[in-house]
Every structure is written in structure tokens, then in C-alpha cells.
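Work through these exercises with the sequence and the model open. Try each task before reading its solution.

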Amino acid sequence: MRSVAWKDVVPLGPKGPIGVVVDPATWRAAPYMLLSLVFGLGWAVVLGFAVPLSLMLVVVWVGVPLVLATMWLWRGAAMLERRVLGAALGLRIRDPYRERPDHGVVPYVAWLVKDPATWKDLGYLLLLLPLGAVEFVASVMLWGSTLALLTAPLSVEWAGGLDLWGGFLTFDDQVEGAFGSMLGLVMLPVSAYAVRGMAFLHGTLATALLGGSEEERLRASRARGIDAAEAERRRIERDLHDGAQQRLLSVAVDLGRAQAKLDSDPEEVRALIAQAHAGTKAAIKELRDLARGIYPAILTDRGLDAALSGLAARAPIRVDVSVDLDERPPAAVESIAYFVVAESLTNMAKHAAATEASVTVSRDGRRVLVDVWDDGIGGASVTPGGGLAGLADRAATIDGVLVLHSPVGGPTLVRAELPCEW
């Protein structure tokens with residue numbers, strides 16, 4: 001997971017006071033500020049019962065699986081909270097857990113206990129109650145006061161007046177009520193700014209505890225990159241051994257047989273040489289295809305726009321290509337962007353049943369964004385060993401990230417965010 005610029009995710013003042021009021025992100029964050037107390041209270045009650053009980057029973061054998069079940073419970077709660085935060089605050093927090101061991105009870109328990117993310121999850125869930133209480137009280141006061149001020153004329157008409165904040169503000173007639181409504185209009189963006197500020201602070205804490213450290217992220221990213229490079233090396237070695245090497249060996253055998261029969265059977269020699277010639281051309285084609293798979297020549301010669309246009313031209317449906325870059329990115333970024341598009345279009349042709357697609361490459365600060373969209377049936381997923389997982393590993397070699405959005409029924413969007421030093 002790349003580090004997130006919070007001013008982009010939870011901006012405190014998008015397009016001024018009017019913008020912060022009409023921004024949908026404000027109204028996604030506002031309910032969460034009210035409901036976080038419910039989440040915090042619920043998990044505090046569950047964990048306040050489950051953790052002490054499992055620890056007390058650990059002296060007997062039944063306590064050990066109960067402890068493990070409790071740890072899995074709060075891990076599941078943290079996973080759910082990450083998804084809720086994504087919907088409410090727009091945060092992308094990936095599960096930061098270490099790779100699970102393949103087998104063995106003892107390695108499994110050690111993995112669960114030693115993973116720092118397990119205990120950070122617990123810390124976040126325990127902090128959610130006091131944090132949610134503060135957010136709830138502040139939200140109720142802000143929105144309650146705003147609503148009361150906006151409806152001050154109605155309160156004067158129906159209730160004979162309005163007292164706010166212990167009599168600090170009173171409105172007894174319609175003139176004062178109208179003034180209260182104007183104060184409410186001023187209070188509305190103030191409340192919206194306050195909610196965005198609380199969302200910013202909550203998101204910062206959540207990312208620190210639920211997202212893992214930058215060092216862990218980089219270590220995992222580099223490990224995936226090394227694995228991807230090793231897998232690519234083995235693929236090239238296998239393709240050379242099974243393809244071009246076998247063809248060249250066959251050519252050598254044919255030429256050896258032709259040399260042995262050069263004087264005794266000229267006709268067979270002619271056939272053997274023709275066969276060797278055909279084998280040589282086939283080997284050259286396989287080597288050319290293999291080299292194109294490592295790094296396409298058109299990418300080197302003409303750049304990303306031409307290379308992606310070539311991929312789009314070979315697609316079975318119409319694919320619109322837009323490359324908006326001021327200058328060419330480094331070769332590693334170009335190569336990864338190319339293969340992201342190539343694999344995505346291949347998957348689309350095989351599985352998506354799409355009728356149209358688009359490829360967009362743009363620059364966002366120090367990042368290159370590669371978006372591949374199609375209107376197919378959706379349902380794509382990143383599975384270990386699959387093509388999309390391989391693309392994520394390619395992106396990880398330069399600390400990039402691959403994001404997939406593919407609900408059942410479509411559409412599908414594959415986005416690669418690639419760091420780039422221009």
C-alpha cells in the first residue's frame with residue numbers, strides 16, 4: 001500500500017465553504033462520525049467479555065483455542081473497519097498481515113501472535129470507544145445547533161421562541177428568527193469543516209494502526225518484486241529450453257545428417273537443409289516473441305502511446321487509447337504500464353464479454369496512472385498465481401500499487417499507480 005496524501009483523501013476545504021457543504025465526501029463522513037461510537041461501544045463490549053474470559057480459561061486446554069478465536073475475532077473486526085473506512089472516508093487501507101504459514105499448528109500460532117498487525121488491530125478497536133464518544137458529542141452539538149439555527153423562524157412560530165446553549169442565544173420574534181437562520185447558514189460550513197477535520201484525524205489514526213508501517217510496506221513490496229523477478233527469470237529459462245533451444249538442436253541434427261550424406265544422397269541433403277532452414281526461421285520467430293515479451297521493441301522505439309495503440313488495434317473490440325504525458329517516463333515505468341494494459345486487455349477478451357473499453361494514461365504529480373476500463377460482466381478478482389496478481393507484483397518492484405474495481409455485472413476498472421521520478 002502506498003502512502004496516502006490525506007489532503008487528497010479527506011480535504012479540509014474543497015472549493016471553499018460552499019464546496020465543503022455540497023461535497024459528497026462530507027456527507028459520507030458525517031454519518032460515520034455519529035456511528036463510530038456505536039462501533040466502538042459494540043467492540044468494547046464484545047472484547048471486554050471475550051478477552052478476559054479467554055485469558056482466564058487459558059490455564060485449561062479449552063482456553064487456548066478460545067484465545068485464538070478471540071484474536072481472529074478482533075482481526076475480523078479490524079478488516080471490517082477498514083472496509084467501512086473506505087466507504088465512509090475514502091481511505092484505502094490494505095490488510096497488512098504477514099504471510100500465513102502453509103501448515104503446522106505451532107507455526108500458525110506463532111505467526112498470529114508475533115504479527116504486529118494483530119496487536120495494532122486490538123489497539124485501534126479499544127481506542128474506537130473514546131474516540132467515537134468525542135466524535136459523537138461534537139457531531140451532535142454541531143449539527144444540532146446548525147439545524148436549530150436554520151429552523152429558528154419555525155421555532156419562534158410554533159414554540160414561541162428558541163433558547164440555545166443555556167440561554168446564550170435567544171430568539172423571541174420573527175426578526176430574531178430570521179437572524180438565527182442567517183447564523184445557521186454560517187454555521188453549516190463551519191460544521192462541515194469540523195466534520196472533515198475529525199475525519200482527517202480519525203483517518204490518520206486508523207492508517208497508523210490498521211495500515212502497517214512504511215518499513216513493513218516497503219519490505220513486503222520488495223519481497224513481492226523479488227519473487228516476481230525470479231518467476232519471470234524461470235519463465236524465460238523455460239521458454240528458451242522448451243522452445244528455441246529444442247528447435248536449434250533439431251537444426252543441428254538436420255545439418256549433421258546433411259553433412260553425412262552430402263556425397264551419397266544429394267536429394268535428401270537438399271530436403272534436410274530445407275528442413276533446417278525452416279527450423280531456423282521458427283527458432284528466430286520464437287526468440288523474437290520471447291524478446292517482445294521481455295520488453296517490446298515498439299516501446300523502445302516509439303514510446304508508450306504507439307505501443308498501447310498497437311495493443312488496442314489487436315483487441316477484438318474497439319478500445320479508445322489516451323496517453324497524456326508531458327514527457328516519457330523511465331523505461332521501468334513504461335514497461336510495467338505496457339504489461340498492465342496488455343494483461344488487462346487479454347483478460348477482457350477472454351472473460352469479460354465487453355463491447356467497448358478504454359485505456360487512459362495520465363500524470364498525477366510524481367505518479368503515472370494507468371486506467372483500463374471495460375463494460376463487461378465484471379467479477380474479476382486478484383487470485384494468487386493469476387495474471388492480475390502478477391501485475392501487482394510487477395508494480396510492486398517500483399513500489400507501485402494495482403487497484404481492481406470489478407463488481408459483478410460490471411464495469412471493470414484496473415488502475416496501476418506507478419511512482420515516477422521525472
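**Exercise 1. Arg28**

In which helix is the place of Arg28? Find its exposure and its contacts as well.

Solution. Arg28 lies in helix α3, residues 24-56. The model is predicted: local features need pLDDT of at least 70, side-chain atom pairs count only at pLDDT 80 or more, and totals for chains, interfaces and linings use all residues. Residues are numbered from 1 along each chain as its sequence is written, and side-chain values use heavy atoms, with hydrogens and water left out. Helices (H or I, at least four residues) and strands (E, at least two) are DSSP runs, numbered from the N terminus.

Next, exposure. Arg28 has a relative accessible area of 41%, so it is partly exposed. The classes are buried under 20%, exposed over 50% and partly exposed in between, with a 1.4 Å probe and protein chains only.

Then contacts, meaning heavy atoms within 4.5 Å. Setting aside neighbours within four places in sequence, Arg28 touches Ala87 and Ala88. Ala87 is 59 residues from Arg28 along the chain, yet their C-alpha atoms are separated by 7.7 Å.

**Exercise 2. Lys114**

Place Lys114 in its helix and decide: buried or exposed?

Solution. Lys114 belongs to helix α5, residues 105-114. Its relative accessibility is 61%, so Lys114 counts as exposed. Now compare sequence and space. Lys114 and Arg98 stand 16 residues apart in sequence and 9.5 Å apart from C-alpha to C-alpha.

**Exercise 3. The whole chain**

How many helices and strands does the protein chain have? Add the chain totals.

Solution. Count first: 14 helices and seven strands. Of the 422 residues, 37% count as buried. Among contacts with a separation of 6 or more, 70% come from residues 24 or more positions apart. The chain exposes about 22,800 Å², and carbon and sulfur atoms supply 65% of that area. Accessible areas come from the Shrake-Rupley method with a 1.4 Å probe; for residues, only the protein chains shown count as cover.

**Exercise 4. The partners of α13**

Describe how α13 packs against α12 and against α14.

Solution. Two packed helices are described by the angle between their axes and the distance between the axes. Axes are lines fitted to C-alpha atoms, for helices over the stretch in contact, and angles run from 0 to 180 degrees between N-to-C directions.

Take α12 (304-314) and α13 (331-352): the angle is about 10° and the axes are 10 Å apart. The two are therefore roughly parallel. Angles under 35 degrees count as roughly parallel, over 145 as roughly antiparallel, 65 to 115 as roughly perpendicular and the rest as oblique. On α12, the contact residues are Leu304, Ala307, Leu308, Leu311, Ala312 and Arg314; on α13 they are Glu334, Ala337, Tyr338, Val341, Ala342 and Leu345. By class, there are 10 nonpolar, no polar and two charged residues. Here Ala, Val, Leu, Ile, Met, Phe, Trp, Tyr, Cys and Pro count as nonpolar, Asp, Glu, Lys and Arg as charged, and the others, Gly among them, as polar.

Now α14. The axes of α13 and α14 come within 10 Å and cross at roughly 170°. These helices are therefore roughly antiparallel. Ile336, Phe339, Val340, Glu343, Ser344 and Asn347 of α13 meet Gly387, Leu388, Leu391, Arg394 and Ala395 of α14. This contact has six nonpolar, three polar and two charged residues.

**Exercise 5. The sheet**

What is the strand order of the five-stranded open sheet? Trace its pairings and its helices.

Solution. The order is β3-β4-β5-β7-β6, with mixed pairing. Two strands pair if DSSP finds at least two bridges between them. The edges are β3 (318-324) and β6 (401-405), each pairing on one side only. Neighbouring strands are turned by 10° on average, direction ignored.

Go to the bridges. β5 (367-374) and β7 (412-419) are antiparallel over eight bridges. Asp374 has Thr412 of β7 as its bridge partner. β6 and β7 run antiparallel, joined by five bridges. Leu402 has Ala416 of β7 as its bridge partner. β6 and β7 form a hairpin with six residues between them, and Gly409 in the turn has a positive phi of about 100°.
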